[in-house]
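Q: I should like a close look at the charged side chains of the structure shown here, beginning with a single residue. Please then set that residue in its wider context.

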Amino acid sequence: MDEGADNGFNHSQTKMSMTTKTPLSAIAKAFEELSGFLGSQTKDQKLRLDNFCEACSLVSVLFSCLGLAFKFAEMEYVAKVHDLVEASKTYATLENVLDRDVANDTVKKPGSHSRNLRRVRQGLDLIRALFEEFLSTDDYYLKDAASTAYSRVCAPYHTWAVRTAVSAGMYTLPTREELLQKLNETDHTAEKKMRRYIEASRPVIAYIDKLYSSRKIALDW
């Protein structure tokens, strides 16, 4: 193959990789749209539950890529999102869900939509913390990054048995390179998309927290 043809091939390959929609790009875009809505909403506009669930469903793939260490999180997160998807057929907004449970005194009841929303919010925050730790180091193994993220976000609310199981599972995490391969990313492309998610998820998480705190519901559960 001559040099001109080779350059043409490389250019096409690069262009294709730039336009390929990866899980990270889809997640970043979805949460940027939620964040953008929250930044521009008027007093009468509320975040729709179906739109929220659609964005949250995309995050499930990240837990599955982390293997056994986060299997517990994947199973819980997927189940909770599914419950909220079903709830979205009845309730239009996140506020509707919470107000119904407040009226019925079932906010913290196991299986309630409000409790499940709290757990989904925790999952979003766990991924945000994990991305922050991932970007703060070049470590080949992800154990330290994942352990720190878990300790910050989830450990305070888990039993000793769950914390012990998670700790043991940390040794089964994929390497940094393996995770990037699963996500079809490079260090460079992943960094940009992870930072986009980190920034976009913050106002979404803050919005959910405000829904609870404005109704005098503590956040430490």
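Is Lys 89 buried or exposed, and what is its relative accessible area?

A: In this predicted model, Lys 89 is exposed, with a relative accessible area of 62%. The side chain of Lys 89 nevertheless has a charged partner: a salt bridge connects Lys 89 to Glu 86, with 3.2 Å between the closest N and O atoms. Glu 86 is itself partly exposed, at a relative accessible area of 36%. This pair is one of 19 salt bridges found in a search of the whole structure.

Other pairs in that set serve as points of reference. Lys 46 forms a salt bridge with Glu 95, and the closest N and O atoms are 3.8 Å apart. Lys 46 lies in the loop between helix H2 (23–40) and helix H3 (49–65), whereas Glu 95 belongs to helix H5 (residues 94–104), so the pair ties together parts that are 49 residues apart in sequence. The two partners fall into separate accessibility classes: Lys 46 is partly exposed at 32%, while Glu 95, at 17% relative accessibility, counts as buried.

Helix H5 takes part in a further link, through Asp 99. Arg 215 forms a salt bridge with Asp 99, with 2.6 Å between the closest N and O atoms. This pair joins distant parts of the chain, since Arg 215 is in the segment after helix H10 (187–213) and Asp 99 is in helix H5, 116 residues away. Arg 215 is partly exposed at 23% relative accessibility, and Asp 99 is also partly exposed, at 36%.

Beyond these pairs, salt bridges with shared partners join a set of residues into one network, including Arg 118, Arg 121, Asp 125, Glu 199, Arg 202 and Asp 209. Arg 121 repays attention. Its place is in helix H6, and it is buried, with a relative accessible area of 11%. Residues distant in sequence surround part of Arg 121: apart from residues up to four places away in sequence, it touches Ile 205, Ile 208 and Asp 209. Arg 121 and Asp 209 are 88 residues apart along the chain, yet their C-alpha atoms are separated by 8.6 Å.

The nonpolar interior completes the setting. The largest nonpolar core has 65 residues, and Phe 31, Phe 52 and Phe 70 have the most contacts inside it. Among the elements that give two or more residues to this core are helix H4 (71–87), H5, helix H6 (113–135), helix H7 (143–153) and H10. The greatest contribution is that of H10, with 11 residues. Leaving aside neighbours within four places in sequence, Phe 70 is in contact with Phe 63, Leu 126, Ala 146, Met 170 and Leu 173.

Ala 146 leads on to helix H7, whose buried residues are Ala 145, Ala 146, Ala 149, Tyr 150 and Val 153. Viewed down the axis of H7, these buried residues fall within an arc of 125 degrees, so they line one face of the helix. They pack against H4, H6 and helix H8 (160–169).

In short, Lys 89 is exposed and is paired with the partly exposed Glu 86, whereas Arg 121 is buried and belongs to a salt-bridge network.

Note on methods
Residues numbered from 1 in each chain as written. Predicted model: local features only at pLDDT ≥ 70, side-chain atom pairs only at ≥ 80, totals over all residues. Heavy atoms only, no water. Salt bridge = Lys/Arg side-chain N within 4 Å of Asp/Glu carboxyl O. Helix = DSSP H or I, 4+ residues; strand = E, 2+ residues; numbered from the N terminus. Buried < 20%, exposed > 50% of the residue type's maximum accessible area, 1.4 Å probe, protein only. Core = buried A, V, L, I, M, F, W, Y, C linked by side-chain atoms within 4.5 Å. Contact = heavy atoms within 4.5 Å. Arc of directions from axis to C-beta.
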